[in-house]
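Student: Hey, can you walk me through this one? I'd like to start with the sheet and then pick out a few residues.

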Amino acid sequence: MASRIAPRLVLTMFTHSRCQLCVTAKEALEIVHQRVPFEMKEVDIRQPGNEKWFEEYKFDVPVIHANDEFLLWHRVNVDDT
């Protein structure tokens, strides 16, 4: 019988250095990570090369994508995971 490997979950958080909601979201994701394994990436939308994401999310960070698909924005609710 072949073993089943769960798909790898990659969360990408779109953020910038002056985003307090992003700090709170990151802390909530650390709690979630204790229950759900995932890899975390961060994209600073204000860095060169991220102009597309800046235009998309400049008023909405933090934004979280799961495996390159939009998941949520603004707040991470730990109770919903």
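Tutor: Sure, we'll take the sheet and then some residues.
Tutor: This is a predicted model, where local features need pLDDT of at least 70, side-chain atom pairs count only at pLDDT 80 or more, and totals for chains, interfaces and linings use all residues. Residues are numbered from 1 along each chain as its sequence is written, and side-chain values use heavy atoms, with hydrogens and water left out.

Student: Ok, in what order do the strands sit in the sheet?
Tutor: The 4 strands form an open sheet in the order 2-1-3-4, with mixed pairing. Strands here are DSSP runs of E, at least two residues, and helices are runs of H or I, at least four, numbered from the N terminus. Two strands pair if DSSP finds at least two bridges between them.

Student: Which ones are the edge strands?
Tutor: Strand 2 and strand 4 (69-73), and each pairs on one side only.

Student: And how many bridges join strand 1 to strand 2?
Tutor: There are 6, and strand 1 (residues 10-15) runs parallel to strand 2. Leu-11 stands opposite Met-40 in strand 2.

Student: New topic: where is Lys-41?
Tutor: Lys-41 is in strand 2, residues 39-44.

Student: Is Lys-41 buried, exposed or partly exposed?
Tutor: Lys-41 counts as partly exposed because its relative accessible area is 42%. Buried means under 20%, exposed over 50%, and partly exposed in between, using a 1.4 Å probe and protein chains only.

Student: What does Lys-41 touch?
Tutor: Not counting residues up to four places away in sequence, Lys-41 touches Val-10, Leu-11, Thr-12 and Met-13. Contact means heavy atoms within 4.5 Å. Lys-41 and Val-10 are 31 residues apart in sequence and 7.4 Å apart in space, C-alpha to C-alpha.

Student: Now His-65: which strand is it in?
Tutor: His-65 is in strand 3.

Student: Why does His-65 count as buried?
Tutor: Because its relative accessibility is 7%. Leaving aside neighbours within four places in sequence, its contacts include Trp-53, Tyr-57 and Phe-70.

Student: Which side chain makes a polar contact with the one of His-65?
Tutor: Tyr-57, at 2.7 Å. A polar contact is a pair of N or O atoms within 3.5 Å; within protein, one must be able to donate a hydrogen and the other to accept it, and residues adjacent in sequence count only if both atoms are side-chain atoms.

Student: Last one: where does Asp-60 lie?
Tutor: Asp-60 is in the loop between helix 2 (51-57) and strand 3 (63-66). Its side chain has a polar contact of 3.1 Å with that of His-74.
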